[in-house]
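Work through the exercises below with the sequence and the structure in view. Each task is followed by a solution in steps.

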Amino acid sequence: MLINKPPDANRDTSRHPLHQDLHYFPFRPADRICASWTAMERIDERNGCLFAIPGSHRGVLYPHVYPENVKNKAYHGVYGFENVPKVNLVMEKGDTVFFHPILLHGSGPNLTKGFRKAISVHFADSNCEFIDVKGTSQENIADEVEALMKKRGINVKYADFWKYKSRLVNGTPGTFQNYASNLEGRLNFARPHILWIEDWKKVVFMDEKRFSPDGPDGFQYYWHDLKKEPKVISRRSQGGRGAMVWGQLKPFSSRDL
């Protein structure tokens with residue numbers, strides 16, 4: 001996932017409160033899940049670097065709610081650690097940090113005038129088991145995601161949402177992800193929406209999401225915010241849409257121009 005943290009004048013739009021990634025995952029065990037976070041530029045306290053509580057990965061999963069003044073959907077956080085010492089993770093371009101899903105961490109506001117870019121990926125053992133989050137501290141995020149998907153015309157259970165969202169990157173398919181269940185999920189999604197026309201332009205399956213930070217990688221459009229018009233990217237020096245005319249074709253010969 002490409003994280004493009006926007007400039008933030010009021011300090012609340014871009015900050016991500018202290019949280020644990022496991023709060024969002026309906027699968028276990030936690031020790032078989034790992035986060036990877038890569039800086040695409042220098043990231044420090046000015047543009048919203050990560051911060052973490054050392055050793056907190058040895059703890060438990062805490063209840064998450066919306067902290068005061070947080071404006072972004074699904075940006076849940078935990079309370080009770082306001083006075084606990086935290087460490088800022090200052091990173092140079094290309095630096096990568098790996099961490100446990102129980103680790104308490106977050107990111108500060110972007111106080112610069114430019115966007116702050118990073119790439120976040122989560123890896124899990126393909127044999128992780130899905131759990132029922134009903135009645136647990138994770139029920140609030142599950143209900144929120146299911147309601148959001150339903151608003152977009154997609155009825156999907158929270159566990160299935162993660163199955164369809166994932167892809168196998170190495171090894172053999174397991175209980176967590178396999179191609180058969182993924183294909184079945186896509187077909188079940190497609191059948192009731194077969195009459196969609198314009199709405200299909202908003203659907204991107206996970207294995208179709210490719211992008212290169214340095215330019216296009218086989219696609220004409222870059223990965224963009226659906227609320228904004230897509231930007232055309234071309235490798236041609238004049239911006240594309242050009243043609244070179246070398247001659248005129250006639251019935252029995254050609255003529256140079």
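Helices (H or I, at least four residues) and strands (E, at least two) are DSSP runs, numbered from the N terminus. The model is predicted, so local features need pLDDT of at least 70 and side-chain atom pairs count only at pLDDT 80 or more, while totals for chains, interfaces and linings use all residues. Residues are numbered from 1 along each chain as its sequence is written, and side-chain values use heavy atoms, with hydrogens and water left out.

**Exercise 1.** Locate Ser-56 and decide whether Ser-56 is buried or exposed.

Step 1. Ser-56 sits in the loop that links strand S5 (50-52) to strand S6 (87-89).

Step 2. Buried means under 20% relative accessible area, exposed over 50%, and partly exposed in between (1.4 Å probe, protein chains only).

Step 3. The relative accessible area of Ser-56 is 11%, so Ser-56 is buried.

Step 4. Leaving aside residues up to four places away in sequence, Ser-56 touches Ile-102, Leu-103 and Leu-104 (contact: heavy atoms within 4.5 Å).

**Exercise 2.** Describe the surroundings of strand S4 (residues 33-39).

Step 1. Two strands pair if DSSP finds at least two bridges between them.

Step 2. S4 and strand S9 (residues 116-124) run antiparallel, joined by seven bridges. Within S9, Ala-118 is the bridge partner of Ala-39.

Step 3. S4 and strand S7 (residues 96-99) are also antiparallel, with four bridges. Here Trp-37 stands opposite Val-97.

Step 4. Five of the seven residues of S4 are buried, so the strand is largely enclosed by the rest of the structure.
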